[in-house]
Amino acid sequence: MREPTTCPHCKHSFEASRDQLGGLVKCPHCQRVVDVPGLNDPLWWLLRVGILIAAIGAAVWFGRVEPWHGALAGVLVLGGAWLVGRAF
Amino acid sequence: MSNQPWDLGTYRLRRKVLKVFGASFHVYDGDRIVAFCNQQAFKLREDIRLFADEAQTRELLWIRARQIVDFSACYDVVDSQTQQKVGAMRRRGLKSILRDSWEVLDADDQPIGKVEEDSAAMALFRRFLSNLVPQKFHLQTGTRSCASLVQRWNPFVYSLDVTVPANCEVDRRLVFAAAVLIAAIEGRQQ
């Protein structure tokens, strides 16, 4: 169940639609801009699954030579994705 | 009529050449710079700000994406001076594979218009034969064209000419935001 969004200007609470998650919407009470928290981006979730698969794949591939090579490769892929995620 | 850059009948957006991170655009009225757009770097979600000057002392418009992936993202447009939402622009990802297409939304997220490449044939030509053919876009409400956005031919610097007639039905701030997004998002593909 989605949490209601509270307008920081007039403190009015309203429920933003799924499409409005992560967006800047008009408060239905005071008409000013409210930043709605959350994210509705199925492609982004897909990308994160892809990064996880890439990390596992890199770990398995490089782990054929030495196990610690595989672990390092997996950590590097995940670490890189984490750094990018920090920007969000 | 106020002295805002979007009130002009014609203006040009030109990408700043020497910018390593992110992108910036100057807005010209003839040879005079009337505004400056800055696309912030290292942001997963697009964040574009329009300023009255290059020193970025007075913010005029704020454009921010709701999604991280640009494919079918929606971009909210806010007037920074009044803190009122102007509207939004939604990219039609699947349709844009063959012909760039955007939906123009009002402050309540209701569609009021669309921005599309001039013709499907030219769009396909650009994609499959030559990327050097400049793009042309029309902002339409119903069947009526409200504004035109025409890329200038320049293989080195991206430049977009915008013409907005006096009787344009769409909020001019939204037309301006459409031009900025096309320059920033579609222009990045060039």
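Here is a short walk through this predicted model, one selection at a time.

**Stop 1: chain A on its own.** Hide everything else and colour by secondary structure. You'll find two helices and four strands, and from the N terminus on they run β-β-β-β-α-α. The radius of gyration is 20 Å, while the globule rule gives 12 Å for 88 residues, so chain A is more spread out than a compact globule. Turn on a bounding box along the principal axes, and the C-alpha atoms fill roughly 65 × 20 × 15 Å.

How much of chain A counts as buried? Of its 88 residues, 18% do. If you like contact maps, look at pairs in chain A with a separation of 6 or more: residues 24 or more positions apart account for 11% of those contacts.

**Stop 2: the two domains of chain A.** Select 5-35 for domain 1 and 42-86 for domain 2, and give each a colour. Put a C-alpha centre on each of them and you get a gap of 37 Å between domain 1 of chain A and domain 2 of chain A.

**Stop 3: where the chains meet.** Bring chain B back. The contact takes 15 residues from chain A and 19 residues from chain B. On the chain B side, pick out β6 (74-79) and β7 (84-91), the elements that give two or more residues to the side touching chain A. The largest share there, three residues, comes from β6(B). Colour that side by class and you'll see eight nonpolar, eight charged and three polar residues.

**Stop 4: a run of paired strands in chain B.** Select residues 136-141 (β10) and 144-151 (β11): these two strands of chain B pair in the antiparallel sense over six bridges. For one of the bridges, click B:Gln140, whose partner in β11(B) is B:Ser145. What joins β10(B) and β11(B)? They form a hairpin with two residues between them, and B:Gly142 in the turn has a positive phi of about 65 degrees.

Now add residues 159-163, strand β12 of chain B, which pairs with β11(B) in the antiparallel sense over four bridges. Here, B:Val150 has B:Asp161 in β12(B) as its bridge partner.

**Stop 5: the core.** The largest nonpolar core has 58 residues, and B:Val77, B:Val175 and B:Leu181 are among those with the most contacts inside it. Show helix α3 of chain B (residues 172-186), which supplies the largest share of this core, 12 residues. Finish by zooming in on B:Ala179, another of the residues with the most contacts inside the core. Leaving aside residues up to four places away in sequence, B:Ala179 touches B:Leu13, B:Leu149, B:Leu160 and B:Val162.

Conventions
Residues are numbered from 1 along each chain as its sequence is written. Chains are lettered from A and ligands numbered from 1 in the order in which they are written. This is a predicted model: local features need pLDDT of at least 70, side-chain atom pairs count only at pLDDT 80 or more; totals for chains, interfaces and linings use all residues. A nonpolar core is a set of buried Ala, Val, Leu, Ile, Met, Phe, Trp, Tyr and Cys residues joined through C-beta atoms within 7 Å. A residue is buried if 20 or more other C-beta atoms lie within 10 Å of its own, exposed if 12 or fewer, and partly exposed in between; C-beta atoms are placed from the backbone. Two residues are in contact if their C-beta atoms, placed from the backbone, lie within 7 Å. The radius of gyration is taken over C-alpha atoms; the globule rule is 2.2 Å times the number of residues to the power 0.38. Domain bounds come from an automatic or database domain assignment. Ala, Val, Leu, Ile, Met, Phe, Trp, Tyr, Cys and Pro count as nonpolar, Asp, Glu, Lys and Arg as charged, and the others, Gly among them, as polar. Two strands pair if DSSP finds at least two bridges between them.
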